[in-house]
Amino acid sequence: MERGIRFQPAKQFLVFCLLFLPASAEVRYVLPEEMPIGSAIGNVARDLGLPARELGDRRARVIAADGGGRLCELDSATGDLLISRRVDREELCGQASVCTVHHQLLLQDPLRAFGLILDVTDINDNAPVFAAEEIRLDLAESTVLGSRFPLESARDPDLGTNSVREYKLSPNQHFSLETSTQINGKAYPELVLKKALDREEQAEHVLKIDGIDRGSPARTGTATVRVRVLDANDNAPVFSQRVYRASVPENSPAGTLIARLDATDSDDGSYGEVTYSFSHLTDETRGVFHIDPQMGEVRVAGVIDYERARTHEVDVQAKDGGGQASHCKLVVDVVDVNDNRPVIEIKSASAKVPEDAQTGTMVALVNVYDTDGGDVACSVSDDVPFQIVSEVKNYYMLVTAQPLDRELRSEYNVTITAADSGSPPLESVKVLTVAIDDINDNPPTFAQREYTADVPENLPAGTSVTRVAAQDADAASNAKLTYRISKETDWEVSSFLTIDEDTGDIFTSRVLDHEESVYFRIKVEARDGGEPPFTAACTVNVFVKDQNDNAPLVLHPAPGSASEDMVPLEAPGGYLVTKVVAVDADSGHNAWLSYRIVKETQPYLFSVGLHTGEIRTLRTFGESDQAKQTLVIAVTDDGAEARSATATVSIAVGAGLPVLQELFQLVEESRDDDNLRLYLSVALLAVSTLLILLIVGVFYFKLCRRSYVYRSTATSLPVFPSPYYPPSFGDFSRYGTLLKDDRLDPFMTTGSWRGDFRFGSNTDTDTLKKRSAAYQKNTLRRTSAERPAFKARAAPSHPCYVIT
C-alpha cells in the first residue's frame, strides 16, 4: 500500500505517505524536508493496527536510532506521528542520494518495539552558490580556438532536479559555455573559446555566469568571470594522463603520499615552468588533500574517513608561467579500515523483572549498529538466565531464557557483547543490571518446631515468657511477619498468654497458678505479608514453676477438734501415741514437711518424728506426771520462705489400758543421716501421691458395698472432721467404741506408713484375740464410776474405719 503527499505552498502544509507495513513490525513513511513543526506524518495506531487508547495506557514513545536526534514525536491521544523539530535533509544525510532515518516506537507493559523508517525527500530550499563571487582566468592571446577552461561549479546542497542542472553565460563574442559531468553525476561548467583573442583589441573580458537548478520554483546563483588576455604562449602544459586514480586507507596520517602528477610544457623559460593546483574541490574534499605546487605530489592533509566519503574526485590544474593551463582528474578511493567498534544502545529496559516471569519475557531492547557497516553479532554471557533474540534488523531483545528465583540470586549483571565482521573484528561490551522482583513464593519457617518455657507462678500479667522467631526467604512486605496464637489452641489455654504480633514475644495475660495449671501448650502461627499470604506454626510448651505460696494444711488432728488421744500408763519409751497428718498444696521441696514441738505441758515426755509427724513417748510415765498433756506441733514446709501451721494434740494418760506390742518401738529411732535420708525420701513420695490417694480413697469408699461405722465424738476422742469421712458412717456403740458381732476389726492411724494397727481383725493371731477377750472381761468388772475413764483409755487414739 502506498500513499502520496504533495507540498501545498499556499497552505504551507505537508502530508505523509505510508509505503508499506511489513511482517517484521516496521512501517515506512516518506516526508519532504522542512515540514512545519507539528505536522502529522501518519497515524501510527491505525497503520500498526493498534487501538489509539492503548498507546497512552502502555506509555508509548518514539526514540531515535543510530545515535541520531529524534525528528518526530507521538500524540498518544490520537496516534498521530508529529514533526518535533526542523527536518533538513542536507543536515541529516549530506549529499547521500537516499536519506533514511530510523526511529522506534516503544510500548511498555508488556515491552514491544516497532520500527519506524522515515524517508526524507529533498525540496528546492537552497539556491546555487559559487565558491567565489569572481572567477579569474589568464588566457594567452594565442589560445587555440576550442580550448576548454573548467570553472568552479556552483554548490547546491539539494539533490536531483533541485540541484544545479544548467549554467548560462552572459552574451559575448569570444566565449561559450558547456556543461560537463563528473563520475559522481555532478555537473560543472567549462568556458570554451570560440573566437580568437586579441589583447590589443580587448585586454580583459568580464562575463556573468548563472547556475540554475530545476526546482519549483527554480533558483539561481551568479558569479563574475574575469578573463585577462596575456601575451602569446604557444604551448600549454600537458598531463601524462587525463584521469589519475589512486587509493588510500582511511585514517592515514597527514603527509601520506597519495599520487604524483606529471605535466610537461615544451616552452622555455617561465612559459615552461609548470605549477600545480586544485581547480575544483567539493565540500567533502576541501581540506583533505594537499598538492605540492612544484612537484605535483598529492598528500593527505586532513582526516580520511571512509564513513564520511568513500571516493574523492579532485580536478588538478597545471599552469605554466605564461598563464596557459591544462587539467586532469584525480580519483582517490578510500579503503575502509575496521576502526569503529560497534555501538550498543539500551533503548528501553525494565526496572525489575518479577521472579515468576514466564520464559521469553522481554527485559530490555538493545540497538546495535556499526558505523563501518557490515553485520554485527550480538550475544550475552552464558552464566545468566537470559538470551538475545532479534525481530528487527539491528534491534535485539533481551528475554528470559529460564525460570528466575530471587532467593537464589536477586540481581544479574548481564554482559552484552557486540562484535563486527571486520578483520580483525572489534567488540563492544555493555553491562546491564537486571534486578529480580520478589514474589511471595516462600512460607515462613520457625527456628524451632517446639519451644519450652518455665514461668514461675504468681508473676504479674505482662511478664515475658519466651520469644518465638520465624524467618521468610522472601523480601520486603512478602517477608514481613506477624505472629498470633492459633485458633486451634483451646480458648481457655490461650487466655493465659498474649503475643506481640511484630516481635513474637509471648507474655502472660494474667497471673498463673501452679496449683491450677501446671502445664499447658499453645500453637503460634507466623503469617507473612504476601498476597496470598503463607503461614507456619510452632508449638510452645509452658511449664508453671511452683512457688511456696501455700501453707501446710493439718488434716489430723482436725482444727478445732476437742478429742484426746489415750496412752497407757505402762507405755514404755518409744510408744506410738498418735500421728499428726498434714498436707501442702505446693509441690517438690515446697511440699516437704517437717514437724517439731513448739509447746508442751511437760517437757521431755514426748517426741515428734521430724518428717513423719509420729508422736512417741520418750520414757515411761511416773506418778508425778500429769494425766493430761497438751502438745503444740509446728508443721513447716521446705520452701525458700518457709510457711507453717500448728496442730494442738491433747493426750490423756490412763492406767489399766493394755499395752500392745504392735503399737510401739522399744528401740530408739536413730537420728543419724541415714534414717534422715530415708524419711525424706518416703515423705517426698507420700506428699507427691497424697492428693491422688485421697481422691482414690473417696471413690473407693463411695463404691464399697460393705457397711462402715464412724466413731462417735461424744467421748472427746480424736476423729476426722466432717469433711474427711463419708456420710454413711455412724456410732453404734454406747461408749463410742467400734464393736460389731462381738469381735474387734482392724484399723490404721490416718496417714501411717508403718501399719500401726491398734486392734487385730478376726484373722489375726491368737494372742490378739486373747488380749481382746481380756479387755472385754475387764470392762465388765469396772464400776459405773470408773467406766468413763476406762473407756477413754481403751478406745483407739486415732479416728478409724471399721470394716466388717
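The paragraphs below go from the confidence of the model to its largest nonpolar core and then to two groups of paired strands.

This is a predicted model, and the mean pLDDT of the protein chain is 80, with 82% of its residues reaching 70 or more. Confidence is not even along the chain: among its elements, strand 38 (residues 470-471) has the highest mean pLDDT, at 96, while strand 54 (residues 801-803) has the lowest, at 30. Two stretches call for caution when reading the coordinates. Over residues 1-24 the pLDDT stays under 50, and the model has 62 contacts beyond four places in sequence for this stretch; over residues 705-804 the pLDDT likewise stays under 50, and here the model has 185 such contacts.

The largest nonpolar core has 27 residues, of which Leu 81 and Leu 105 touch the most other members. The elements that give two or more residues to this core are strand 2 (26-32), helix 1 (44-48), strand 5 (72-75), strand 6 (80-83), strand 7 (100-107) and strand 8 (112-121), and strand 8 provides the largest share, namely four residues. If residues up to four places away in sequence are not counted, Leu 105 touches Val 44, Leu 48, Ala 60, Arg 61, Val 62, Leu 74, Arg 112, Ala 113, Phe 114 and Leu 116.

Further along the chain, three strands form an open sheet in the order 20-24-23, with antiparallel pairing. Strand 20 (257-260) and strand 23 (289-291) each have a single partner strand and stand at the edges, so one side of each is left without a neighbour in the sheet. On average, and with direction ignored, neighbouring strands of this sheet are turned by 20° against each other. Between strand 20 and strand 24 (residues 297-300), the antiparallel pairing extends over three bridges, and within strand 24 it is Val 298 that stands opposite Ala 259.

The second group of paired strands can be followed from strand 33 (residues 411-420), which is mostly covered, seven of its ten residues being buried. Strand 33 pairs with strand 30 (residues 376-380) in the antiparallel sense over five bridges, and Val 376 has Asp 420 of strand 33 as its bridge partner. Strand 33 also runs antiparallel to strand 34 (residues 427-437), to which nine bridges join it; Ile 416, for instance, stands opposite Lys 430 in strand 34. Strand 33 and strand 34 form a hairpin, with six residues between them.

Definitions and conventions
Residues numbered from 1 in each chain as written. Predicted model: local features only at pLDDT ≥ 70, side-chain atom pairs only at ≥ 80, totals over all residues. Heavy atoms only, no water. pLDDT = per-residue confidence, 0-100. Contact = heavy atoms within 4.5 Å. Pairing = 2+ DSSP bridges. Axes fitted to C-alpha atoms, helices over the stretch in contact; angles between N-to-C directions. Core = buried A, V, L, I, M, F, W, Y, C linked by side-chain atoms within 4.5 Å. Buried < 20%, exposed > 50% of the residue type's maximum accessible area, 1.4 Å probe, protein only.
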